[in-house]
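Trainee: Got a minute to walk me through this one? I'd like to get a feel for the inside before anything else.
Mentor: Sure, pull it up and we'll go through it.

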Amino acid sequence: MPYITEVTLLKRKILSLISEKMFNGTLKEDLRNIAYILIPDDAKPLKCCIYFDRALTKQKIKLILGLDHIKYKNVAWSDIYNDFEKSNGKEIPLITVLRDACNGCPQKRYYITEACQHCLAHPCVLNCPKNAITIESDRAVIDEEKCVKCGICVKICPFNAIIEVHKPCEYACPTGAITTDENNIAVIDEEKCIYCGQCIIGCPFGAIVERTDILQVIKKIKENKNLVALVAPSAVGQFSPKATMKQLCTALKLIGFKKVYELAYFADLIAREEAAELKEKKAENQTLTSSCCPAWVYFARKVRKNFAKTLSNALSPMARAAEAKKGDEIFVFIGPCLSKKKEAESTAIDYVLTFEELACLFTAKKIDVLSCEESEFDVEGPRPGRIFAISGGVTEAIKHYAGTEFNTEKINGLDKDSIKYLQRLKGVDFIEVMACENGCIGGPFVVTNPKRTAKLIENAE
């Protein structure tokens, strides 16, 4: 799960303040001062100095506006705002690496720490396949030129004195989509990227930034457009463990949404479809895999293409909801996911907000979800659709409608180990795959503990 860090706190402060200025109609005149408000003269530097912190904050502000931070490097803030007003916010990549923020972290290496006891056994020395470890001055030493980074020494040291140090973004990426250029700066390979967002929450320097629709949504709200919120089932408990979904419904209407749909309704439709499809696949002795997680779908189609034929033909709940769009409605999906932003590009969904971004909207509008009255969803979903949010929930929902027994497995988070396990699976009728650990409730942009959310979903009617 994503943990709170200084990086996430600063990100949320930037989003909240910009959103507040946008709602108040003062963003144009205040834009140049935001970095100074967030990082005053007496602020404690996050990196080398407050001037560098401000420079990076200005780059992030330009990206929030939907503009290329490099192209607008030396452009006046008034001109930047004018171009923002004309833009649709989608002219920049979904994921951007801020080169100035990237720390150029070291590649994978192994270090002998002070915990080394110069033991009599010397298992690290004797079991190194390349004789890269020797004993010098009563301490084990690794010869970097000989080391092949197999990791055997880490596993067999009885004192856990050998540690692996890796590049966090590369380590977090399950598909090897992140490499480095000649300056050791992170580079993302679009051909391998599944938009799981793990690199964003894994980078401890905030150097990898996602595109946001937050200001475009505010634009439409201020224009009194017919906005419809599609709320993912994983929203349960996100904004207060005691707040109900019906209170969240009210909070969204206070922001300016005309209607609020519970996406669980469309998830329930998908469960019915996949249950019927499963029966057909089982009769043909074929394996069916879930299709509701776009990061998994991208993985199957781009990285391990042998799995593409196993994917369910059912749309994701969000894509199915997009088919219900009518007239002048503007559909805004709200969930914990980065890959939904990519998936939305091929659907009638207009914008995607993460829970983190929605929380910033609530802060900007000074809305406390827990203090809101309850109101009814314009479209309400049943329990089988609501449990889609947790690992194993899709399987349970399909079982509810299948009316027959079948062999199942679940992949609870896509990482290198689970990918190996997935490749070995045979003789299984249905495999539920969630790219995030714990399912959607463990997405990269949730704002509460997944375990707490899981309990709330499991205990709900």
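Mentor: Start at Val-369, which is buried, with a relative accessible area of 4%; buried means under 20% relative accessible area, exposed over 50% and partly exposed in between, using a 1.4 Å probe and protein chains only. Bear in mind that this is a predicted model, where local features need pLDDT of at least 70, side-chain atom pairs count only at pLDDT 80 or more, and totals for chains, interfaces and linings use all residues. Residues are numbered from 1 along each chain as its sequence is written, and side-chain values use heavy atoms, with hydrogens and water left out.

Trainee: Where does Val-369 lie?
Mentor: In the loop between α16 (355-365) and α17 (383-386). Helices (H or I, at least four residues) and strands (E, at least two) are DSSP runs, numbered from the N terminus.

Trainee: And what does Val-369 touch?
Mentor: Not counting residues up to four places away in sequence, Val-369 touches Phe-239, Ala-243, Gln-247, Leu-248, Ala-251 and Phe-362. Contact here means heavy atoms within 4.5 Å. Val-369 and Phe-239 are 130 residues apart along the chain, yet their C-alpha atoms are separated by 6.7 Å.

Trainee: What about Phe-362, what is that in contact with?
Mentor: Leaving aside neighbours within four places in sequence, the contacts of Phe-362 include Phe-239, Leu-248, Leu-252, Ile-255 and Val-369. Phe-362 is also among the residues with the most contacts inside the largest nonpolar core, along with Leu-27, Leu-215, Leu-248 and Leu-252. That core has 72 residues, and helix α1 (residues 6-24) gives the most to it, with 7 residues. By nonpolar core I mean a set of buried Ala, Val, Leu, Ile, Met, Phe, Trp, Tyr and Cys residues joined through side-chain atoms within 4.5 Å.

Trainee: Leu-215 is in a helix, right? How many residues of α10 are buried?
Mentor: 7 of the 9 residues of helix α10 (residues 214-222) are buried, so the helix is largely enclosed by the rest of the structure. Leu-215 is one of the buried ones, and so are Gln-216 and Lys-219. After α10 comes Asn-224, whose phi is positive, near 60°.

Trainee: Switching to charges: is Glu-262 buried or exposed?
Mentor: Buried, with a relative accessible area of 4%. Glu-262 is in strand β10 (residues 259-262), and a polar contact of 2.8 Å joins its side chain to that of Arg-386. A polar contact is a pair of N or O atoms within 3.5 Å; within protein, one must be able to donate a hydrogen and the other to accept it, and residues adjacent in sequence count only if both atoms are side-chain atoms.

Trainee: How many disulfides are there?
Mentor: The count comes to 0, taking a disulfide as a pair of cysteine sulfur atoms within 2.5 Å. For Cys-49, the nearest cysteine sulfur is that of Cys-48, 3.7 Å away. Cys-49 counts as partly exposed, at 25% relative accessibility.

Trainee: And Cys-116, how far away is the nearest cysteine sulfur?
Mentor: That of Cys-124 is 6.4 Å away, and Cys-116 is in no disulfide. Cys-116 is buried, with a relative accessible area of 17%.
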